[in-house]
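I opened this file to look up strand pairing, ring contacts and cysteines. My entries follow in the order I worked.

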Amino acid sequence: MLLKEYRICMPLTVDEYKIGQLYMISKHSHEQSDRGEGVEVVQNEPFEDPHHGNGQFTEKRVYLNSKLPSWARAVVPKIFYVTEKAWNYYPYTITEYTCSFLPKFSIHIETKYEDNKGSNDSIFDSEAKDLEREVCFIDIACDEIPERYYKESEDPKHFKSEKTGRGQLREGWRDSHQPIMCSYKLVTVKFEVWGLQTRVEQFVHKVVRDILLIGHRQAFAWVDEWYDMTMDEVREFERATQEATNKKIGVFPPAISISSIALLPSSVHSAPSSAPSTPLSTDAPEFLSIPKDRPRKKSAPETLTLPDPEKKTTLNLPGVHSSEKPCRPKSE
């Protein structure tokens, strides 16, 4: 088991990001989906949890067979997907990824949001606080992303919001910017296979880090698209985007239901109180891969590749610090 805590600051408030998070996940999932591959939404329903209160349960299937390295494609089924289950009690969320083909693999992510610059060292429960973990700061403005996924329009150093006037973030922006919030993510990766555990768990954390960096950059760069939306409007955007995405990847599941009351007993969707024994929102959540041209440890397995974002179909839907140094994957 490999545990890391990621802290990602945003030039937003926690209340503002409640809408932005939902918008970003839906739009990002759509953009990353191709015919036969991508993110299928199976369930998206409100529910009530006895401990956390009202929330939203989402179940997705992340299809990625062609994105696997050649050695993996030789042994996994042709129709291969990872199951993502998310319990959103904003400003607290739980996300789990599992795979029936790899029963000893899981990712468990606990997320909490606070209006600060990542300075809360005891935000998680005492049980999690006692576990040994590495704290990694991710800077949406200054941390590098793979060149092939770079877009100037999504670069916080260049982007400036017309609606909020925020943007063009410079080095050290987290120390002076107002407003500011932080997304705290406690990520547990498990791959209990002797001889492969360390390599696979380290690789998955590299993937998770890239997902978090790219996703949070996009959430801010798209702020003018979602800033004036109400919760009802962003839920409708979710519904329309999910329908379009499922058709795009060629999967036609039962109709998605988003209603004002829980459709299943809360006990069915109650999130576990701790990480599963045997996990996005790339998010989220789906798997983004480390490109082949990115320096990496020789011990890491073959990496996965993403389609070139420049060739993606444009989404056309309605309006939708225990350490001051960021944690980056080591180069050779």
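Entry 1, burial of a strand. I call a residue buried when its relative accessible area is under 20%, and exposed when that area is over 50%. The model is predicted. With that cut-off I looked up β3 and found it mostly covered, as eight of its 11 residues are buried.

Entry 2, neighbours of β3. I looked up which strands pair with β3. Strand β2, residues 38–49, pairs with β3 in the antiparallel sense, over 11 bridges. A hairpin of three residues makes the connection from β2 to β3. I noted one bridge by residue: glycine 38 has tyrosine 63 in β3 as its partner. β3 and β4 also run antiparallel, and eight bridges join them. Here I noted that valine 62 stands opposite valine 82 in β4.

Entry 3, ring pairs. How many aromatic pairs does a search of the whole structure find? I got 10. I looked up the pair of phenylalanine 57 and tryptophan 87, which is tilted, with 5.6 Å centre to centre and 50 degrees between the planes. Phenylalanine 57 lies in β3 (residues 53–63) and tryptophan 87 in β4 (residues 81–89), so this pair ties together parts that are 30 residues apart in sequence. I checked burial for both partners: phenylalanine 57 is buried, and tryptophan 87 is buried too.

I then looked up tyrosine 89 with tyrosine 92. Their rings form a stacked pair, 6.2 Å centre to centre, with 15 degrees between the planes. Both tyrosine 89 and tyrosine 92 are buried. I also recorded a cluster in which ring pairs link Tyr17, Tyr90 and Tyr113.

Entry 4, a charge over a ring. Which ring does the charged end of lysine 27 sit over? I found the ring of tryptophan 222, with the charged end 4.3 Å from its centre.

Entry 5, cysteines. I searched for disulfides and the structure holds zero. For cysteine 9, the nearest cysteine sulfur belongs to cysteine 182 and is 4.1 Å away. A disulfide needs two cysteine sulfur atoms within 2.5 Å, so I do not count one there. Is cysteine 9 buried or exposed? Cysteine 9 counts as buried because its relative accessibility is 0%. I looked up cysteine 142 as well; its relative accessibility is 22%, so cysteine 142 counts as partly exposed.

Notes:
Residues numbered from 1 in each chain as written. Predicted model: local features only at pLDDT ≥ 70, side-chain atom pairs only at ≥ 80, totals over all residues. Heavy atoms only, no water. Phe/Tyr/Trp six-rings, centres within 6.5 Å; stacked < 30°, edge-to-face > 60°. Helix = DSSP H or I, 4+ residues; strand = E, 2+ residues; numbered from the N terminus. Buried < 20%, exposed > 50% of the residue type's maximum accessible area, 1.4 Å probe, protein only. Lys NZ or Arg CZ within 6 Å of the ring centre and 35° of its normal. Pairing = 2+ DSSP bridges.
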